[in-house]
Amino acid sequence: MDKRRKKIIAGLAVFMVFMWLCTLVSKSIYASRLPMVSTTRTDSKYIEHIVEAEGIVEAGAKLPVTVLSGLRVEELAVQTGDKIEEGDLLFTVDLEDMKRIMEEQELAASKVQLQIDAIVHNKELAQNQKALEEARAREDYDALVRYQDTLVGRAAEGVAQAEEALEELQAENREHENDWQKEDGESKSEEELEAERKAREQEEERLQQELQAAAYAEADARWNRDNTIKDAGRKVEDVLQEENVDATLAVYREELAAARDKLAAYKTILEQEGKITSPMGGMVTDVYVQTGGRVPDTASFLLADDSVPCQFRVSLTKEQKSYVNLNDDVKLQLDGSKKTDAKVDYIEENENAPGTYTAILRLPEETGMPGLSGKMTCSKVGEKYPNCISLLALHAENDRNFVYVVSEREGILGTEYYVEEIIVSVADKNDKLAAIEGAVSEGSRIIESSTKEIKKGDVVRLSDVS
């Protein structure tokens, strides 16, 4: 019996050991399949923003080189980036093509000259005609004045004669007013005296009417003279009136002068065997002509003005612009040189690309050369935040930000770690750190990386359980 009990106890012990080993193996297998995560904790830090943007060196000022337009370029001698001196060859001209242009220009100048000659001749004829019309108008005016003065004089004489006749009659009537005897000495009857008085009154009334008519005639003559002379004077004024300004002659003369200037310039180029040289020295920054093409009526080349220091131009995004402002101190490193201190001298939004900006940094004298590339670095230290984490631990989905934290609970195989999701808001961030706000604390173990994709509620194992 004791022997049998010992076997049972020994068998039970072996079974328990076997079960314990199976549990360990099962737990190891289960744990090995779980994602392994590494965690971090929030920390109090400053969020520093570093903006790095590449740009290019440009000329501080550009000087235009203009050449007679319309010429055909036979061979181009310079290109962008070339350093040239005054008198250096820029390009050569197709002389045969230029000779054809000269012939056309000479023909056009001849036509303009004919137009000018015709206008001048017609103008002289018009002036002669106007002088003749003026002389005739003045002659007519003088003759009309003399004639009208004569008419007025005659009318005035008629008035004087009428007045004289009336006055003589009135004097005679006064003289014979009390004459009541006849020539033979006999007395006049009352009827005779009344008839004589009426006759004298009628004669006086007639003379007064003639005087009134003569006065009216004189007034009419004077009015007619004044108006007739005024009309004649206006005709003289009309002849003397300045003609409308006609700019045709001036325009043709300007065209002729321009044509002759071009012909002179063509002849100069012909004497130079079609070689176009630079009137100044500098670096070629822009070329607007090409072999086989024609010279534009604007600048053919732009040269960097050596007297003005170069500038560094850089493009910024809207986010970068929020950390770069006018007069900010920055670091600038041009290709092949060390970092130097610089300042943002100009910044403005691009009209053709809203939301992007252009910043310009003026370089010290004798620093850089047009076409050289470089990089601008602007550093801004922001506020200090109590809860900062690595960007690797921050997740975003559907306009929300969240972090995964590790929590503990009791499971089938004992204490286990699972994933919990916490919604947070981002107060600030840069390319490495993010300042968060939400239900996280200094003790929260925030998942920074995982060997497998995880989600809320997943059981995980820790790479460091401290």
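This section describes the strand pairing, the largest pocket and selected residues of a predicted model.

An open sheet is formed by four strands in the order S3-S9-S8-S5, with antiparallel pairing. Its edge strands are S3 (62–65) and S5, each of which pairs on one side only. Strand S3 is joined to S9 by four bridges in the antiparallel sense, and within this pairing Pro64 stands opposite Leu302 of S9. Strand S9, which spans residues 301–304, is in turn connected to S8 through three bridges, again antiparallel; here Val284 is placed opposite Leu303 of S9. On the other edge of the sheet, S5 (residues 83–84) pairs with S8 over two bridges in the antiparallel sense, and Ile84 faces Gly282 of S8 as its opposite residue. Strand S8 itself, comprising residues 282–287, is mostly covered, with five of its six residues buried.

A second set of pairings is centred on strand S11 (329–334). In a regular strand, the side chains alternate between the two faces of the sheet. In S11, Val330, Leu332 and Leu334 make up a covered face, whereas Asp329, Lys331 and Gln333 make up an uncovered one. Strand S11 is joined to S12 (residues 339–343) by five antiparallel bridges, and the bridge partner of Leu332 in S12 is Thr340. These two strands form a hairpin with four residues between them, and Gly336, located in the turn, has a positive phi of about 80°. Strand S11 is also joined to S15 by four bridges, the two strands running antiparallel. In that pairing, Leu334 of the covered face stands opposite Gly374 in S15.

Immediately before S11, Asp328 occupies the loop between helix H5 (318–321) and strand S11. Asp328 counts as buried because its relative accessibility is 13%, below the 20% limit for that class. Two polar contacts involve its side chain. A polar atom of the Asp328 side chain lies 2.7 Å from the backbone nitrogen of Asn325, and a contact of 3.0 Å joins the side chains of Asp328 and Lys380. Helix H5 also contains Glu319, which, at 59% relative accessibility, counts as exposed. Glu319 and Thr356 are separated by 37 residues in sequence, while their C-alpha atoms are 9.2 Å apart in space.

The largest pocket of the model has a volume of about 360 Å³. Its lining consists of 13 residues, of which Lys123, Gln127, Glu243, Asn244 and Asp246 are the closest to the pocket centre. Two or more residues are contributed to this lining by helix H2 (95–175) and by helix H4 (248–271). The largest share, six residues, comes from H2. Classified by side-chain type, the lining comprises five nonpolar, four polar and four charged residues.

Backbone geometry was also examined. Most residues other than glycine have a negative phi. Glu366, a residue other than glycine, has a positive phi near 60°. Glu366 is located in the loop between strand S14 (356–362) and strand S15 (373–390), and is classed as exposed because its relative accessible area is 84%, above the 50% limit. Asp399 likewise is not a glycine and has a positive phi, of about 60°. Asp399 is found in the loop between strand S16 (395–397) and strand S17 (400–411); its relative accessible area of 87% places it in the exposed class.

With respect to cysteine, the structure holds zero disulfides. A disulfide is a covalent bond between the sulfur atoms of two cysteines. Cys310 is buried, with a relative accessible area of 12%. Cys378 also counts as buried, at 1% relative accessibility.

Methods:
Residues numbered from 1 in each chain as written. Predicted model: local features only at pLDDT ≥ 70, side-chain atom pairs only at ≥ 80, totals over all residues. Heavy atoms only, no water. Buried < 20%, exposed > 50% of the residue type's maximum accessible area, 1.4 Å probe, protein only. Pairing = 2+ DSSP bridges. Disulfide = S-S within 2.5 Å. 1 Å grid on protein atoms, 1.4 Å probe; cavity = no way out; pocket = protein on both sides within 12 Å on 5 of 7 lines; lining within 4 Å. Points joined across faces, edges and corners; volume = space filled by probe spheres on them. Nonpolar A, V, L, I, M, F, W, Y, C, P; charged D, E, K, R; others polar. Polar contact = N/O pair within 3.5 Å; in protein donor to acceptor, adjacent residues only side chain to side chain.
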